Amino acid sequence: MLPLFPERIVWIFSKKYISGQTINDALTESRKLNQNKIKVSVDLLGEYIKNLSDADHYKEQYIDLIKRFTAEKIDGHFSVKPSMFGLLLDKEACYRNIYDIVKVADECNSFIRIDMEDSECTSDEIAIFRRLKSDFPARVGLVVQAYMRRTSDDIKNLLDLNLPEAPLSFRLCKGIYIEKEAIAYQGYQEIRDHYIDDLRFMLQKGIYVGIATHDQYLIEKAYEIIEELNVPKDKYEFQMLFGVAPNLRQSIVDRGHRMRVYVPYGKQWFGYSTRRLKENPNMVWHILKAMVVKQ
Ligand SMILES: Cc1cc2nc3c(=O)[nH]c(=O)nc-3n(C[C@H](O)[C@H](O)[C@H](O)COP(=O)(O)OP(=O)(O)OC[C@H]3O[C@@H](n4cnc5c(N)ncnc54)[C@H](O)[C@@H]3O)c2cc1C
């Protein structure tokens, strides 16, 4: 039903997931998080562009963002979605655009994480990561999705890039895009089980893992694996999305683990926030309330 709602209604319950529409909003929220000992990964909203010329505009905005956040001494890095840079239009152009961004991140002593999008993008996003990791070994990381049937093989196939001086850095999430059963596991517990297997494997291999989840069950399992493998606190971090599960987040920080929040901002908020709204267990109530208010 969400796409049928007027944007202004969707915005009312979307805005909690977005730091704001401008770079200053992202800066303000990032500063607040830093003050609470939480790092950030900042994301400029926008995806699946239709014209390659839009990529130039987004690239300039990312470059400004990195320079500004570096100048303001924000403790954080940046996340990019390759479909924003033309992945589905021209793979080579997409690589060059992200290369330019990582180059600026390198000059600013920062880091770029490549988000993982839907299965149409997976192989190309891994290929872009592979090239960039060779160009800038310590400046790029990738997201892997536990629900994808291919993920454990993908992780193994990237192990040649796990260098002692620049280990692989992966964010492990469940996966948000709707995929067919042939491509992705569908069962709730089945996805959790694969998440745990992938997490254990990566930590055993010395890969730096961003444990990205709000699922308390997985967080407890992560604590157990970290303790069992005696993983030092600087070899992993927990990650959560802006606006989701702040109490659980604080409990992780209070236990002394690194925490990073994904901070999206920008005008293209609709696609991102409707994915978040669909994951919100209280969404039905929000919709019902909005319908009553509308009438
Ligand atoms: C930092 C970060 C980056 C991510 N990057 C990617 C990416 O690049 N590619 C990708 O496919 N996916 C990405 N995701 C999304 C991820 O794949 C999941 O879809 C999302 O995290 C929900 O899964 P969960 O592990 O929190 O478990 P869930 O079972 O979905 O949620 C566990 C509990 O968390 C709470 N919760 C979760 N979502 C919400 C919400 N929106 N509103 C209110 N409460 C909520 C609820 O209490 C829920 O019961 C990212 C997630 C995080 C945290």
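**Close-ups of a predicted model**

**View 1. Asn230 sits in the loop between α8 and β7 (236-241).** Everything shown in these views comes from a predicted model, so treat each one as a computed picture. The phi angle of Asn230 is near 55 degrees, which is a positive value in a residue other than glycine. Is Asn230 buried or exposed? Asn230 has a relative accessible area of 65%, and the cut-off for exposed is over 50%, so Asn230 counts as exposed.

**View 2. Lys73 also has a positive phi, of about 55 degrees, although Lys73 is not a glycine.** Look for Lys73 in the loop between α3 and β2. With 72% relative accessibility, Lys73 counts as exposed.

**View 3. Asp54, Asp56, Glu60 and Asp64 form a negative patch on the surface.** Let's pick out one member, Glu60, and see where it belongs: Glu60 is part of helix α3, which covers residues 53-71. How much of Glu60 is accessible? The relative accessible area of Glu60 is 43%, so Glu60 is described as partly exposed.

**View 4. Asp115 and Lys81 join their side chains in a salt bridge, at 2.8 Å from N to O.** A bit of background helps here: side chains of opposite charge can pair when their charged atoms come close. Where in the chain do Asp115 and Lys81 come from? Asp115 is in the loop between β3 (112-114) and α5 (122-135), while Lys81 is in the loop between β2 (76-80) and α4 (91-107). The pair is 34 residues apart and links distant parts of the chain. Asp115 and Lys81 are both buried.

**View 5. Asp115 turns up again, this time in a salt bridge with Arg171.** The closest N and O atoms of Asp115 and Arg171 are 2.9 Å apart. Here, too, distant parts of the chain are linked: Asp115 belongs to the loop between β3 and α5, whereas Arg171 belongs to strand β5 (residues 169-173), and their positions lie 56 residues apart in the numbering. Both partners, Asp115 and Arg171, are buried.

**View 6. Lys174 and Asp215 meet through their side chains in a salt bridge of 2.9 Å, N to O.** Why can we say that this pair ties together separate parts of the chain? Lys174 is in the loop between β5 and α7 (188-204) and Asp215 is in the loop between β6 and α8 (216-229), so the salt bridge connects parts that are 41 residues apart in sequence. Now check how covered each partner is. Lys174 has 21% relative accessibility and so counts as partly exposed. Asp215, with a relative accessible area of 8%, is buried. The cut-off for buried is under 20%.

**View 7. Arg31, Arg68 and Glu72 are linked in a network of salt bridges.** To put this view in context, how many salt bridges does the structure hold? There are 19.

**View 8. Val209 is a residue of strand β6, which runs over residues 208-212.** What is the relative accessible area of Val209? The value is 0%, so Val209 is buried. Leaving out residues up to four places away in sequence, Val209 touches Phe170, Leu172, Leu199, Met202, Leu203, Lys235, Tyr236 and Glu237. For a sense of scale, take Asn97: Val209 and Asn97 are 112 residues apart in sequence and 26 Å apart in space, C-alpha to C-alpha.

**View 9. Arg258 lies in the loop between α9 (246-254) and β8 (259-265).** With 31% relative accessibility, Arg258 counts as partly exposed. Which residues does Arg258 touch, not counting those up to four places away in sequence? They are Lys39, Tyr208, Lys233, Asp234, Tyr236, Glu237 and Phe238. Leu159 gives another distance to picture: the C-alpha atoms of Arg258 and Leu159 are separated by 24 Å, and the two residues are 99 residues apart along the chain.

**View 10. Arg276 is in helix α10, made of residues 270-279.** Is Arg276 buried or exposed? Arg276 has a relative accessible area of 9%, so Arg276 is buried. Setting aside neighbours within four places in sequence, Arg276 is in contact with Tyr17, Ile176 and Leu241.

Key: Residues are numbered from 1 along each chain as its sequence is written. This is a predicted model: local features need pLDDT of at least 70, side-chain atom pairs count only at pLDDT 80 or more; totals for chains, interfaces and linings use all residues. Side-chain values use heavy atoms; hydrogens and water are left out. Patches are made of residues with over 30% relative accessible area and no salt bridge: like charges are joined within 9 Å, nonpolar side chains (Val, Leu, Ile, Met, Phe, Trp, Tyr) within 5 Å. Accessible areas come from the Shrake-Rupley method with a 1.4 Å probe; for residues, only the protein chains shown count as cover. A salt bridge is a side-chain nitrogen of Lys or Arg within 4 Å of a carboxyl oxygen of Asp or Glu. Lys and Arg count as positive and Asp and Glu as negative; His and the chain ends are not counted. The place of a charge is taken as NZ of Lys, CZ of Arg, CG of Asp or CD of Glu. Helices (H or I, at least four residues) and strands (E, at least two) are DSSP runs, numbered from the N terminus. Buried means under 20% relative accessible area, exposed over 50%, partly exposed in between (1.4 Å probe, protein chains only). Contact means heavy atoms within 4.5 Å.
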